Amino acid sequence: MARKPEKPEGPMQRERHSEPGESAGLTREATVKIGQQLRAMYDEVVKEGVPDRFTEILNRLDKGDSEKDRGHES
Amino acid sequence: MSLDDRTRDLILKAVPNLRAFAISLTGNVDRADDLVQETMLRALANIDSFQPGTNMPAWLFTILRNLFRSEYRKRKREVEDATGMYADSLKSQPEQGSRLEFEELRVALSKLPDDQREAVILVGASGFSYEEAAAICGCAVGTIKSRVNRARNRLAELMSIDGLEDFGPDRQTRAVLTTARRA
């Protein structure tokens, strides 16, 4: 039986996969430090959310579609 | 083209991560946002080739990555010093105050080859598995692993993070650090 997922799937919702110990040649401490900085930098942008211009693109396209559909019907 | 609510929602939900990835790749917010916009338009135009239930973020990341690569190839033909351009684009954004904190990391990232930069970001920041990152970049899993390793080593070197494993693994230290991380 397929279970209904509690949350939408996608890597962003999941536990991060980087395994700090895996970098050959670097200590775990250094690898962890780099990972933390990368994620902090990245999350800084993620926190900004969805700028309006991107929502507007989808809205415009949706609107354009429905107008086009109406045009076909008439 | 029809866009159902769920697909629309999935695309919007991926936008913040797509932007973060694009900014990490280009080092330039405006270029990154253009890249994300182009990615969305490309995705919407080809939405029929997306299989519902499969990994939407990975699909969108693949489109963005390929757009960036083709744009970059074009650019590289025109301008030899692409790394210099990247560095210049960093300097031209004094308004990004909060991002100055990561200036050292950004400069270090700009010095990595494209393939290493995208690999370390996809795995280390976006949270994709090695398998997903390999699919996005169109290469073998082992290739991604070695790119991520090389990228981390180079970043440590560039950022003067003292982390070369001179004496081999110190099990006790590792155990402590692991515990601290998971706490």
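In the predicted model, helix α8 of chain B is followed by B:Ser160, whose phi is positive, near 50 degrees; helices are DSSP runs of H or I with at least four residues, numbered from the N terminus. Local features are described at pLDDT of at least 70 and side-chain atom pairs at pLDDT 80 or more, whereas totals for chains, interfaces and linings use all residues. Residues are numbered from 1 along each chain as its sequence is written, chains are lettered from A in the order in which they are written, and side-chain values use heavy atoms, without hydrogens and water.

Helix α8(B) comprises 18 residues (141-158), and its end C-alpha atoms are 26 Å apart, which agrees with the 26 Å expected at 1.5 Å a residue (1.5 Å times one less than the number of residues). Its buried residues (under 20% relative accessible area, 1.4 Å probe, protein chains only) include B:Ile144, B:Val148 and B:Leu155. The buried residues of this helix pack against α1 (28-46) of chain A and against α5 (103-110), α6 and α7 of chain B.

In helix α3 of chain B, B:Arg69 counts as buried because its relative accessibility is 16%. Beyond neighbours within four places in sequence, B:Arg69 is in contact (heavy atoms within 4.5 Å) with B:Asp114, B:Asp115 and B:Glu118.

Three aromatic pairs are counted over all chains, a pair requiring ring centres within 6.5 Å. The rings of B:Phe61 and B:Phe128 have centres 4.8 Å apart and planes at 75 degrees, so this pair is edge-to-face (over 60 degrees; under 30 is stacked and the rest tilted). The pair links B:Phe61 in α3(B) to B:Phe128 in the loop between α6 and α7 of chain B, 67 residues apart. Both residues, B:Phe61 and B:Phe128, are buried, and with B:Phe21 they form one aromatic cluster.

Methods: Phe/Tyr/Trp six-rings, centres within 6.5 Å; stacked < 30°, edge-to-face > 60°. Helix = DSSP H or I, 4+ residues; strand = E, 2+ residues; numbered from the N terminus. Buried < 20%, exposed > 50% of the residue type's maximum accessible area, 1.4 Å probe, protein only.
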